[in-house]
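Dear colleague,

Please find below the structure that I am handing over to you. My notes on what was found in it follow directly after.

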Amino acid sequence: MEKKLNKKDIIKFICFIIFFLTIVTIGIVFSSKIKTIFTFESIREFIDQHKNISVLLFICMQILQVVIFIIPGDIINATGGFLFNIYIGSLLSFIGVVLGSIIAFYISRLLGYNFVNKFIKKEKIDKIVYFFNTNTGFVSLFIFCNLPFVPKDILMYCAGLTPLKAKKTFLIYCFSRIPGIIIWTSMGANLYNKSVIGIVITLLILLIFL
């Protein structure tokens with residue numbers, strides 16, 4: 001049975017493409033500016049200036065770096081450890097990443113899924129779903145999510161364009177993000193405590209993941 005496109009789906013998909021290309025364009029054009037703004041020191045100073053709402057600001061910053069995936073999330077994670085300690089920093093980072101992932105997924109699902117689905121054959125859809133339901137799919141996602149300095153949050157936009165179930169996607173993706181969050185938060189906490197041994201151990205763990 002032929003799938004028909006409607007005007008509403010086309011308009012929504014165009015909006016999604018414009019939104020996505022805008023983020024990419026900003027990342028290319030303002031890459032040096034972004035690197036200057038989102039540094040360890042600048043983030044720490046900004047949060048310190050707003051101590052009364054520091055928790056809320058940090059969570060919002062994490063949400064923003066997921067939705068606008070060109071922002072370096074690993075630096076923000078490390079700053080969280082420096083500001084709040086490894087436990088609270090990891091928790092706040094995880095909350096922000098989960099909320100940001102949900103937003104990114106549903107931006108993609110609401111704007112692009114109906115359009116893209118018209119061009120994907122059922123056999124290919126079944127293969128995508130089957131792959132992510134296997135151990136290979138889970139391990140692949142887990143490894144990718146823990147590679148440093150990789151725009152892994154783009155995966156949630158891709159997932160929103162597929163028929164993958166939202167709850168299961170969030171569960172697998174967010175679980176995969178935990179090790180990376182803890183590693184970078186630990187790095188920030190060790191910097192705050194000036195623990196050379198802690199920094200060395202964290203770097204060794206990071207090298208193992210690499």
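I begin with Phe38, which is found in the loop between α2 (31-37) and α3 (40-48). Please bear in mind throughout that this is a predicted model. Phe38 has a relative accessibility of 16% and therefore counts as buried, the limit being under 20%. Leaving aside neighbours within four places in sequence, Phe38 is in contact with Ile43, Ile71, Pro72, Ile75 and Ile76. Phe38 and Leu110 are 72 residues apart in sequence, and their C-alpha atoms lie 30 Å apart in space.

Two of these contact residues recur around Met61, a residue of helix α4. With neighbours within four places in sequence again left aside, Met61 is in contact with Ile43, Phe46, Ile47 and Ile76. Met61 is buried, with a relative accessible area of 11%. From Met61 to Val97 the C-alpha distance is 9.5 Å, with the two positions 36 residues apart in sequence terms.

Aromatic residues

A search of the whole structure finds 14 aromatic pairs. One of them joins Phe20 and Tyr157 in an edge-to-face arrangement, with 5.9 Å from centre to centre and 80° between the planes. This pair links distant parts of the chain: Phe20 belongs to helix α1 (residues 7-29) and Tyr157 to helix α9 (residues 154-160), 137 residues apart. The two partners can also be described by their accessibility. Phe20 counts as partly exposed, at 21% relative accessibility, while Tyr157 is buried, at 1%.

Tyr157 also pairs with Phe69. Their ring centres are 5.8 Å apart and their planes stand at 70°, so this pair is edge-to-face. Because Phe69 lies in the loop between α4 (54-67) and α5 (73-84) while Tyr157 lies in helix α9, the pair ties together parts that are 88 residues apart in sequence. Phe69 is buried, with a relative accessible area of 7%.

These three residues belong to one aromatic cluster, formed by Phe13, Phe16, Phe19, Phe20, Phe69, Phe115 and Tyr157. A further ring, that of Tyr113, has the charged end of Arg109 sitting over it, 4.9 Å from the ring centre.

Helix α9 and the pocket

Leu155 also lies in helix α9. At 23% relative accessibility, Leu155 counts as partly exposed. Not counting residues up to four places away in sequence, Leu155 touches Leu141, Phe144, Cys145 and Tyr173. For Leu155 and Cys145, which are 10 residues apart along the chain, the C-alpha separation is 9.0 Å.

Which elements give two or more residues to the lining of the largest pocket? They are α7 (122-132), α9 and α10 (166-193). The volume of the largest pocket is about 250 Å³. Its lining comprises 15 residues, of which Phe132, Ala159, Thr162, Leu164 and Thr169 are the closest to the centre.

Of these lining residues, Thr169 may be described further. Thr169 is placed in helix α10. Thr169 has 11% relative accessibility and counts as buried. Beyond its neighbours within four places in sequence, Thr169 is in contact with Phe105, Met156, Ala159 and Leu164. Ala159 and Leu164 are also named among the residues closest to the centre of the largest pocket.

Cysteines and one backbone angle

How many disulfides does the structure contain? The count comes to 0 disulfides. As to the setting of individual cysteines, Cys158 is partly exposed, with a relative accessible area of 42%. Cys174, by contrast, is buried, with a relative accessible area of 6%.

Finally, I would draw your attention to Asn85. Most residues other than glycine have a negative phi. Asn85, although it is not a glycine, has a positive phi of about 85°. Asn85 is placed in the loop between α5 and α6 (86-117). Its relative accessible area of 34% makes Asn85 partly exposed.

With kind regards

Technical notes. Residues numbered from 1 in each chain as written. Predicted model: local features only at pLDDT ≥ 70, side-chain atom pairs only at ≥ 80, totals over all residues. Heavy atoms only, no water. Phe/Tyr/Trp six-rings, centres within 6.5 Å; stacked < 30°, edge-to-face > 60°. Helix = DSSP H or I, 4+ residues; strand = E, 2+ residues; numbered from the N terminus. Buried < 20%, exposed > 50% of the residue type's maximum accessible area, 1.4 Å probe, protein only. Lys NZ or Arg CZ within 6 Å of the ring centre and 35° of its normal. Disulfide = S-S within 2.5 Å. Contact = heavy atoms within 4.5 Å. 1 Å grid on protein atoms, 1.4 Å probe; cavity = no way out; pocket = protein on both sides within 12 Å on 5 of 7 lines; lining within 4 Å. Points joined across faces, edges and corners; volume = space filled by probe spheres on them.
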